[in-house]
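This report walks through selected features of one model. Please keep the sequence and the 3D view at hand while reading.

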Amino acid sequence: MDPFRRRLLTLGLAALLSAAGLLPSADAEPTAIVVASTTSTEQSGLFKHILPLFRETSGIDVKVVALGTGQALDAARRGDADVVLVHDRPAEDKFLAEGFAKRRYDVMYNDFVLIGPASDPAGVRGLGVREAFAKLAASKAAFVSRGDRSGTHSAELRSWREAGVDLAAVRGPWYRDVGQGMGPALNAASALGAYILADRGTWLAFKNRADLVILVQGDPSLFNPYGVMLVNPDRHPGVKAKEGQAFIDWLVSPEGQGAIAGYKVGGEELFFPSASALTTR
């Protein structure tokens, strides 16, 4: 057979194999998964740090949908995500109990901090969470709430309840419900000179602080664990279970845990690995 006919035959065979899905397309995109996660993991810069490392190891791209924890879990319930990485343990346990995931993995933790103006008009500096939130309600000092069903919003609402405050009864113009992520909410607090509950990671990465400072920290109730779950493929057959589990396995592996620990801002670690000691099985 002459070279020209051999070339035509080769090209024709390649086209047939490609059409049958037996030969990868030259311009095929790499496999990608969707991770519904909290705004704190994105706005703190953590994902920008760790996802290229995972991509280099696995060849899998991760597309992050950053939402409040409640919205992220709702997206997963609809089958709009392959993996969820969130930080509201009661909501995560409910998600598991409903059968939308089969297993939850502890990944990391940090803590919440109460931020406010350095002048501290409500006088909460150094107090415990209950005393601080009681004084905030009594003083009616400007307070910004995320109001977005996020893990941080849930922690804030718990803090009011633990302080014995009926928020529905006392809220007024002093209480600003912005319905946005951590970064925009911090911007609002900065502009208003208001108090706000924030996760430490986003606060450390936040640039527009004005005269805001940490006033309350270290209370055990401010502990903030993050969990990751594969969306149950039995509920949503379209879930990329193999690739999603590969991402989870990497997150809880020594490599992934080291990548999380290695992310620092100004020399401070934003998230602390927890998979080795705390993974729920």
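## Strand β4 and its partners

Strand β4 is joined to strand β8 (residues 212-216) by 4 bridges, and the two run antiparallel. In that pairing, Pro117 stands opposite Leu212 of β8. This is a predicted model.

β4 covers residues 101-117, and 14 of its 17 residues are buried. β8 is one of several strands that bridge to β4. The table lists the pairings, each with a pair of facing residues.

| Partner of β4 | Bridges and sense | Residue in β4 | Residue in partner |
|---|---|---|---|
| β9 (residues 223-231) | 8 bridges, antiparallel | Met108 | Tyr226 |
| β7 (residues 196-199) | 4 bridges, antiparallel | Ile115 | Ile196 |
| β8 (residues 212-216) | 4 bridges, antiparallel | Pro117 | Leu212 |
| β12 (residues 272-273) | 2 bridges, antiparallel | Met108 | Pro273 |

Met108 is worth a second look. Its bridge partner in β9 is Tyr226, and its bridge partner in β12 is Pro273. In a regular strand, side chains alternate between the two faces of the sheet.

## The nonpolar cores

Which residues touch the most other members of the largest nonpolar core? They are Ile50, Leu85, Phe95, Met108, Val228, Phe247 and Leu251, in a core of 43 residues. Met108 thus appears again, now as a core member. Nonpolar side chains tend to be buried together in soluble globular proteins.

Phe247 shows what such a position looks like. Setting aside neighbours within four places in sequence, Phe247 is in contact with Ile33, Val35, Leu51, Phe54, Val62 and Val83. Another core lies apart from the largest one. This other core has 23 residues, including Val129, Ala137, Ala163 and Leu215.

## Ser37, a buried polar residue

Ser37 sits in strand β1 (residues 32-38). Is Ser37 buried or exposed? Ser37 counts as buried because its relative accessibility is 0%, and the cut-off for buried is under 20%. A polar atom of the Ser37 side chain lies 2.8 Å from the backbone oxygen of Leu85. Leu85 is also one of the core residues that touch the most other members.

Beyond its neighbours within four places in sequence, Ser37 is in contact with Phe47, Val64, Val65, Ala66, Leu67, Ala72 and Leu85.

## Helix α9

Helix α9 spans residues 182-192. Its buried residues are Met182, Gly183, Ala185, Leu186, Ala188, Ala189 and Ser190. An α-helix has 3.6 residues a turn, so residues three or four places apart point the same way.

What do the buried residues of α9 pack against? They pack against α2 (39-43), β5, α7, β7, α10 (200-205) and β8. Two of these, β7 and β8, also bridge to β4. Gly193 follows α9 and has a positive phi, near 65 degrees.

## Positive phi outside glycine

Most residues other than glycine have a negative phi. Asp120 is not a glycine, yet its phi is positive, about 50 degrees. Asp120 is found in the loop between β4 and α6 (129-139). Asp120 is buried, with a relative accessible area of 9%.

Arg149 also has a positive phi, near 60 degrees. Its place is the loop between β5 (143-145) and α7 (151-162). Arg149 is partly exposed, with a relative accessible area of 46%. Asp120, in contrast, is buried.

Definitions and conventions
Residues numbered from 1 in each chain as written. Predicted model: local features only at pLDDT ≥ 70, side-chain atom pairs only at ≥ 80, totals over all residues. Heavy atoms only, no water. Buried < 20%, exposed > 50% of the residue type's maximum accessible area, 1.4 Å probe, protein only. Pairing = 2+ DSSP bridges. Core = buried A, V, L, I, M, F, W, Y, C linked by side-chain atoms within 4.5 Å. Contact = heavy atoms within 4.5 Å. Polar contact = N/O pair within 3.5 Å; in protein donor to acceptor, adjacent residues only side chain to side chain.
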